[in-house]
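Dear colleague,

I am handing over the structure below, and after it you will find an account of what was found in it. Please read the two side by side.

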Amino acid sequence: MRASVLVAHALERRVRLRAPALAGHRGACERVAEQLSADAACEVVTIRPATGSVIVERLEGGLDPERLRGRLAELVSEARDAEGHLLSAPPPDAHPGPTRVARALAHAFAGINADVREALDYRADLGTLLPVVFATAGLAEVGVTRRLPAPAWFNLLWWSLRWFMTFNQGAVSEELRNAGGAPGAPGDAGGGPGEAVPPRGDL
């Protein structure tokens, strides 16, 4: 059975594919990149282990996205993790996981964040740039209007929730574990760990 591989974006000389099974497996990513690079058309191959995003570039000539998708699916289906097992999607957890929309948005932002990091030579990413931009915009508004406006009620509500989540991580984690317990046994923590979140490296 071939692994699921999607064509996320395609230009004449640059194709971005998604192979979810590669996410979190750095060693497998390196081996797949080496195998894919053996194709003369794949002059530059970049795989991001955090998201399973595969970028193939060619300096001259065009790329066939469907042919690349098929070849990558074949390689991923044969790839193995650090323990020698075939790559597969993570098993379902007792606690409900993210929705498809949430996953799609998270993957999109991970790709944008990775591009920003590369463009800035890994000196900064969205996590460092956005707070600086918002703080600068706030100071500029105060400087122009000469007023310090009171925060809106929804901002106060959001900040209160955010502060609660930040300083009560233990209570929140315990509640999530309890929510994932077996039916009929409320309050018992679930046996398995929560769903893994990709590292921030490609967000």
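**Aromatic residues**

At a relative accessibility of 62%, Trp153 counts as exposed, and I should say at once that this, like everything below, comes from a predicted model. Phe154, with a relative accessible area of 48%, is partly exposed. The structure holds two aromatic pairs, and these two residues form one of them: the ring centres of Trp153 and Phe154 are 5.7 Å apart and their planes stand at 80 degrees, so the pair is edge-to-face. In the pair of Trp163 and Phe167, the ring centres are 5.1 Å apart and the planes are at 10 degrees, so this pair is stacked. Trp163 and Phe167 both belong to helix 5 (residues 153-167), where they are four residues apart, about one turn of the helix, and both of them are exposed.

**The sheet**

Four strands form an open sheet in the order 1-2-4-3, with antiparallel pairing. Its edge strands are strand 1 (6-10) and strand 3, each of which pairs on one side only, and neighbouring strands of the sheet are turned against each other by 20 degrees on average, with direction ignored.

Strand 4 pairs in the antiparallel sense with strand 2 over five bridges, and it pairs with strand 3, again in the antiparallel sense, over five bridges. On the side of strand 2, Arg18 stands opposite Ser53 of strand 4, while Arg16 has Ile55 of strand 4 as its bridge partner. On the side of strand 3, the bridge partner of Arg48 in strand 4 is Ser53. Four of the five residues of strand 4 are buried, so this strand is largely enclosed by the rest of the structure.

Two helices can be placed against these strands. Helix 1 lies across strand 3 and strand 4, running at about 160 degrees to strand 3. Helix 3 packs on the sheet, where it touches strand 2 and strand 3, and its direction makes about 125 degrees with that of strand 3.

**The hairpin loop**

The hairpin of strand 3 and strand 4 has four residues between the strands, and in this hairpin Gly52 takes a positive phi near 75 degrees. Thr51 is found in the loop between strand 3 (44-48) and strand 4 (53-57). Is Thr51 buried or exposed? Its relative accessibility is 14%, and Thr51 therefore counts as buried. The side chain of Thr51 also reaches the backbone nitrogen of Ser53, at 3.3 Å.

**The nonpolar core**

The largest nonpolar core has 26 residues, and those with the most contacts inside it are Leu17, Leu22, Leu36, Ile47, Val54, Val56 and Leu72. At least two residues of this core are supplied by each of strand 2 (14-18), helix 1 (26-37), strand 3, strand 4 and helix 2 (65-78). As for Leu36, once its neighbours within four places in sequence are left aside, the residues in contact with it are Cys42, Val45, Val54, Val56, Arg71, Leu72 and Leu75.

**Around Asp39**

Asp39 lies in the loop between helix 1 and strand 3. The side chains of Asp39 and Arg67 are joined by a polar contact of 3.0 Å. Asp39 and Leu68 are 29 residues apart in sequence, and from C-alpha to C-alpha they are 9.8 Å apart in space.

**Two residues with positive phi**

Most residues other than glycine have a negative phi, and for that background two loop residues may be of interest to you. Tyr122, which is found in the loop between helix 3 (100-119) and helix 4 (126-145), has a phi near 60 degrees, a positive value in a residue other than glycine. At 59% relative accessibility, Tyr122 counts as exposed. Arg146 lies in the loop between helix 4 and helix 5, and although it is not a glycine, Arg146 has a positive phi of about 60 degrees. With a relative accessibility of 73%, Arg146 too counts as exposed.

With kind regards

Conventions: Residues are numbered from 1 along each chain as its sequence is written. This is a predicted model: local features need pLDDT of at least 70, side-chain atom pairs count only at pLDDT 80 or more; totals for chains, interfaces and linings use all residues. Side-chain values use heavy atoms; hydrogens and water are left out. Rings of Phe, Tyr and Trp (its six-membered ring) pair if their centres lie within 6.5 Å; planes under 30 degrees apart count as stacked, over 60 as edge-to-face and the rest as tilted. Buried means under 20% relative accessible area, exposed over 50%, partly exposed in between (1.4 Å probe, protein chains only). A polar contact is a pair of N or O atoms within 3.5 Å; within protein, one must be able to donate a hydrogen and the other to accept it, and residues adjacent in sequence count only if both atoms are side-chain atoms. A nonpolar core is a set of buried Ala, Val, Leu, Ile, Met, Phe, Trp, Tyr and Cys residues joined through side-chain atoms within 4.5 Å. Contact means heavy atoms within 4.5 Å. Two strands pair if DSSP finds at least two bridges between them. Axes are lines fitted to C-alpha atoms, for helices over the stretch in contact, and angles run from 0 to 180 degrees between N-to-C directions.
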